Amino acid sequence: MTILLFVLCGFSFYLGGIFCSEKEVVNVKTSMDVGDSVASPRDTAVSPLQLKPVTFQACSSDYQDYTPCTDPRKWKKYGLHRLTFMERHCPPVFERKECLIPPPDGYKPPVRWPKSKDECWYRNVPYDWINKQKSNQNWLRKEGEKFHFPGGGTMFPHGVSAYVDLMTDLIPEMKDGTVRTAIDTGCGVASWGGDLLDRGILTVSLAPRDNHEAQVQFALERGIPAILGIISTQRLPFPSSSFDMAHCSRCLIPWTEFGGIYLLEINRILRPGGFWVLSGPPVNYENRWRGWNTTVEEQRSDYEKLQELLTSMCFTLYNKKDDIAVWQKSSDPNCFSKIAADAFPPKCDDSLEPDSAWYSPLRTCVVAPNPKLKRTSLMAVPKWPDRLHTSPERVSDVYGGSSGTFKHDDSKWKVRAKHYKKLLPAIGTDKIRNVMDMNTVYGGFAAAIIDDPLWVMNVVSSYAANTLPVVYDRGLIGTYHDWCEAFSTYPRTYDLLHLDGLFAAESHRCEMKYVLLEMDRILRPNGYVIIRESSYYVDAVASIAKQMKWGCRKEETEYSTEKEKMLICQKKLWYSSSGKSR
């Protein structure tokens, strides 16, 4: 009985082994067959991502200027206090549009740079209100089928160049490469930022979405960097100590109200040693008060309050002439250390992260520069263009960051940019002006194409390592953003979008379909997309892109690896034939 039991057990193990072996062979063969059926040429190592088929219809024509997170249709839902309704309020998932934003009737490919700085097609930005209201100030002028931009503004109706000439006399650092980055709050049609481009200064023009003026859309149509935004209850999406200069030309921001909270935000984003320039009320109130519908006593009081507030924040009056006053932020840590906790405004405590700037509330306290940073002040940073390739001090604050990793990244992107230009010869020509690097690290792509006639908006994910301070220390510009939401810009505002591993990094949070729809919204017709992704995502992206009327081709990276591929896409120009909402 014992012998018979051992024999039966042994026979059962033998049969089980045969069955399992055959099962493994069948499964492996089946998986290889499926892989062969869906894999791209030369790519059988990784099975591509499988998605349900999707199709997209055209949105109705009343969505041609749709900005999902700053939608005037939704303003009534939010409060009027401090204009909070103009801040970002993104729609929930169930309200997201799954249609393609159509261009306006009569849309034409934009006028190319540098001619675009002076003119644009009326049908691309069909706003008559701003033409009627601001024509006397020479903001713009409609002539035939085009808008022309004489270079005027509320405080410089006779031309922005003379205005900036006076400013450079007051701030000599604007002439020698010391001042490289600037922000213009309440930018109009960005004539100030456009003039500074010719002087080697890169400006972020900032203005809120509105029903009539479309200031940011005009700026981007002209080829000038701009972004939708307002100083209201939340911090601007920039790190601390970013800009070398900040400017307000009669932007009507009540700087001394609400505990000076708006000016305190300017202090946060301004680099130590940086300049704040104000023209308009209450500057030169002695000669201007009659035209401001006020009294000289009121304007004198406003100016004294402003001066007192700036002094308490470690700003000193640097220069002043006619309608322009310039204050400089102190670069002396001792000044900020003397601000008491019970002063007004008080110094922020250590629990408030200076760089936290994505849906972070404004605070009525002074953000003091980090005293440990010795090479971040304006006079300590190398002058432009040397600072572009100099390892910034703040790179060491990034996890895993060092001077060595920065140099490696800089060299890597020089090789990549050279390869990109072979695949997309339009880079470096007048076909591409407005560029966005959707998930940059140190701004390497922007640095590698710095000599081309274009500018780059460097985007750092609000969920990624905080590398945006490094971008600004290099003399480049950028913003924080979460790609699960819409970007703060109008439709059809960028010529080239570049992403490097965005879907691999964010697909667990953001649905690919909505990210691609947002890319389509902000991309100009005939604009280009460079997608650098793992093989797992490339074919899925290509299938969705086809439904968005993009033409795409797959290419090898500069290293021709199997794990990573590239898609080079171009958006087609199309017009909506349907008026139905979708």
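A residue is counted here as buried when its relative accessible area is under 20%, and by this criterion 55% of the 582 residues of the protein are buried in the predicted model. The surface that the protein exposes comes to about 25700 Å², of which carbon and sulfur atoms supply 54%. The secondary structure consists of 15 helices and 19 strands. Among the contacts in the protein with a separation of 6 or more, 70% are accounted for by residues 24 or more positions apart.

Seven of the strands are arranged in an open sheet with mixed pairing, in the order β8-β7-β6-β9-β10-β12-β11. The edges of this sheet are formed by β8 (residues 226-228) and β11 (residues 315-321), each of which pairs on one side only. From one strand to the next, the twist averages 20°. At the β8 edge, the partner strand is β7 (residues 202-207), and the two pair in the parallel sense over 3 bridges; within this pair of strands, alanine 207 stands opposite leucine 228 in β8. Helix α8, which spans residues 296-312, packs on the sheet and touches β10 (residues 270-279), β11 and β12 (residues 324-329). The direction of α8 makes about 135° with that of β11, the edge strand already described.

Glycine 259 is located in the loop that lies between strand β9 (residues 243-249) and helix α6 (residues 261-269); β9 is itself one of the strands of the open sheet. When neighbours within four places in sequence are left aside, glycine 259 is in contact with Leu264, Phe344 and Thr364. Glycine 259 and proline 345 are separated by 86 residues in sequence, whereas the distance in space between their C-alpha atoms is 7.2 Å.

A further packing arrangement involves two helices, α14 (residues 512-522) and α15 (residues 535-547). Two packed helices are described by the angle between their axes together with the distance between those axes. For α14 and α15 the angle is about 55° and the axes are 11 Å apart. Because angles of 65 to 115 degrees count as roughly perpendicular and those under 35 degrees as roughly parallel, with oblique applied to the rest below 145, α14 and α15 are oblique to each other. The crossing in which α14 passes α15 is right-handed. On the α14 side, the residues involved are Met512, Lys513 and Leu516, and these meet Tyr537, Ala540, Val541 and Ile544 in α15.

Technical notes:
Residues numbered from 1 in each chain as written. Predicted model: local features only at pLDDT ≥ 70, side-chain atom pairs only at ≥ 80, totals over all residues. Heavy atoms only, no water. Helix = DSSP H or I, 4+ residues; strand = E, 2+ residues; numbered from the N terminus. Buried < 20%, exposed > 50% of the residue type's maximum accessible area, 1.4 Å probe, protein only. Contact = heavy atoms within 4.5 Å. Areas by Shrake-Rupley, 256 points an atom, 1.4 Å probe, with all protein chains shown as cover. Pairing = 2+ DSSP bridges. Axes fitted to C-alpha atoms, helices over the stretch in contact; angles between N-to-C directions. Left-handed = near helix turned anticlockwise from the far one by under 90°.
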